[in-house]
Amino acid sequence: MKTKVENAVMDTVKRTVMILVAAVLMAVNLKTFVRTGGLIPGGFTGLTRLLQEICVLLWDFEPPFSVINFTLNAIPVVISFKFIGKKFTLYSCLLIVVSGLLTDIIPGFTVTTDMLLVSVFGGLFHALAMTICLMAGGTSGGTDFIAIFLSEKLDIDSWNYIFAGNVVILCIAGALFGWEKALYSIIFQFTATQVLHTLHRRYQKQTLLIVTKKPNEVYEAIRETTNHDATLIKGEGCYMKQECDIIYSVVGRDEVRKVLNHVRAVDPVAFVNMIRTESLSGRFYQRPND
């Protein structure tokens, strides 16, 4: 049996490797698809690229990506470290530093000059990098820090604010460098958002309706696996006219498979109906960022 220290070390190594892989993917994507298409991604990465392009336009000088990105992230990092989570912030800082330095070091090269392919595959690789980063318990910084802080600590829906900020960045880019690149940047962001939404499910919810003859065991399986509560509903089967118990619970979509495995272990004949939850109001346990 592994000790707690060994498990902690293995977890740290695993998360660090995932962050480094995400950083490499992000940097390569910036130096290939994003730079080839002259795209402006969302968030602080897009703002950094915009400032670089403005410097080239005005002074024919492109400042290092890392310097601008580190400066922009300074205050959000402090906020995240104090209010969101220390490990979460440190892993995020590792991604910001490594991806920023690699972006300055890695030579740029062109995979394709087709702007549609650049936008779609650039968004795809960006989402893949972000998914790996989020699975490791980190983020790319900037607006992600702000969004998580507003959502988890102040209970504010930050999406509209982040979206408005991205619109402003794209409008400035369109006015300065042409609306075609701004429109392709929207395709890039849309692709990244949709792929990320598909791959990363932590903030998505799933409703479970479980018909079982072992309600206590099923509830314990849900609680121990996810720390979520459940509601017991007494029912009656319409065909057999037998009393039955229904366990009603809402869990994260990334937790569904684990919950089902535990439910099947305690009651192999349980009937489980899974319903995608579009919105939720009320108390819902969300795993804190460490």
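In this predicted model, the chain is built from 10 helices and 4 strands. Read from the N terminus, the order of these elements is α-α-α-α-α-α-α-α-β-α-β-β-α-β. A run of eight helices thus opens the series, and the strands come in after that run, with helices among them.

Turning to overall dimensions, the C-alpha atoms occupy a box of roughly 80 × 45 × 35 Å along the principal axes. The chain has 290 residues, and 42% of these count as buried. Contacts that link distant parts of the sequence are well represented: among contacts with a separation of 6 or more, 75% are between residues 24 or more positions apart.

The surface may be considered next. The accessible surface of the chain amounts to about 16,500 Å², and carbon and sulfur atoms contribute 64% of that area. As for charge, the chain carries 27 positive and 24 negative charges, and the mean positions of the two sets lie 4 Å apart.

Among the strands, one pairing can be followed in some detail. Strand β2 covers residues 231–236 and strand β3 covers residues 243–252; the two pair in the antiparallel sense, over 6 bridges. Within this pairing, Gly 235 of the chain is found opposite Cys 244, a residue of β3. Together β2 and β3 form a hairpin, with 6 residues between the strands. In this hairpin, Lys 241 adopts a positive phi near 60°.

Note on methods
Residues numbered from 1 in each chain as written. Predicted model: local features only at pLDDT ≥ 70, side-chain atom pairs only at ≥ 80, totals over all residues. Heavy atoms only, no water. Pairing = 2+ DSSP bridges. Buried < 20%, exposed > 50% of the residue type's maximum accessible area, 1.4 Å probe, protein only. Contact = heavy atoms within 4.5 Å. Areas by Shrake-Rupley, 256 points an atom, 1.4 Å probe, with all protein chains shown as cover. Lys, Arg positive; Asp, Glu negative; His and termini not counted. Charge placed at Lys NZ, Arg CZ, Asp CG, Glu CD.
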